[in-house]
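Welcome! Open your viewer and follow along, one selection at a time.

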Amino acid sequence: MLRIAAQEPLQVLQIPTELGVQLPGEENPGPLAQLWRRGGVSLLGDAIRDIVGLQQGDPKRYVVMSRAALRRLVDGLGEVEVVLSDSYKRQDKTQDYTVMLQAGRQRLNGAQAEQLVRHLPDPKAVSQRRRRQNILVEGLIEQVKAPSGIEVIPGLVNQLNTELETNLSRSEQLSLAAAIIVSPEPARISRLPLAERAGEQTLRQIDAGASFPLWPQR
């Protein structure tokens, strides 16, 4: 989730896809990620509002970005600079992708950025994948703010128009991009407070001691 306000740092909330949710009438809980396949934006948005403790009507806007759109976004911005503490090498035939990234400072193209954010050698290592996703998010924000990024934003919005599912109008997309460009640094990236993993289970729960809302307005 993003919270974008003029003259304030961009706020990003990571919502774990492995968070356990139980739908009415269901015998067992399942991962939050499954709600997208079962009910799309509406069901997922309702679940997130209840989990986080948002007001009725929030989140107000949404963007569904395909992997192809992510690749186009990164390539359109002119590659993204990241610093990786580890090297990653893996071929996953079941999901049809290959990861081949070296440690150190480097610039990633769209295909490499997808490798970074998808890499998951162990189903219980989702938190490590989120850290890698953070690296890409921070790099994308820097690239958007760079002079080269600012110049291509209007054209990039047009290019991505057919590859995104969103209720944001073009003018809203441009306004939000402008707000991100002038926002103070650094962006504030946080995550929901999770309880420790129980044994070998892959599902996670919110920390029992967490206070609501889980993402205060300020």
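Are the two faces of strand β2 (residues 11-14) covered or open, and which residues lie on each side? Keep in mind as you look that this is a predicted model. Select residues 11-14: both faces are covered. On one side you will find Gln-11 and Leu-13, on the other Val-12 and Gln-14, and all of them are buried. In a regular strand, side chains alternate between the two faces of the sheet.

**Stop 1: Gln-11.** Stay in strand β2 and pick Gln-11. Gln-11 counts as buried because its relative accessibility is 10%, and the cut-off for buried is under 20%. Now show its contacts: leaving aside neighbours within four places in sequence, Gln-11 touches Met-1, Leu-2, Arg-3, Arg-188, Trp-215 and Gln-217.

**Stop 2: the partner strands.** Add strand β1 (residues 2-3), which pairs with β2 in the antiparallel sense over two bridges. Here Arg-3 stands opposite Gln-11. Next, add strand β11 (residues 188-191), which pairs with β2 in the parallel sense over four bridges. Look for Leu-13 of β2 opposite Ser-190 of β11.

**Stop 3: a pocket.** Now select Gln-14 along with Ser-127, Arg-130, Arg-131, Asn-134, Arg-191, Leu-194, Glu-196 and Arg-204: these residues line the second largest pocket. The volume of this pocket is about 210 Å³. Which helix gives the largest share of its lining? Helix α4 (residues 126-145) does, with four residues. Colour the lining by class and you will see five charged, three polar and one nonpolar residue.

Technical notes
Residues are numbered from 1 along each chain as its sequence is written. This is a predicted model: local features need pLDDT of at least 70, side-chain atom pairs count only at pLDDT 80 or more; totals for chains, interfaces and linings use all residues. Side-chain values use heavy atoms; hydrogens and water are left out. Buried means under 20% relative accessible area, exposed over 50%, partly exposed in between (1.4 Å probe, protein chains only). Two strands pair if DSSP finds at least two bridges between them. On a 1 Å grid over the protein atoms alone, a cavity is a set of points where a 1.4 Å probe fits but cannot get out, and a pocket is an open set with protein on both sides within 12 Å along at least five of seven lines; lining residues have an atom within 4 Å of a point. Grid points are joined across faces, edges and corners, and a volume is the space filled by probe spheres set on the points. Ala, Val, Leu, Ile, Met, Phe, Trp, Tyr, Cys and Pro count as nonpolar, Asp, Glu, Lys and Arg as charged, and the others, Gly among them, as polar. Contact means heavy atoms within 4.5 Å.
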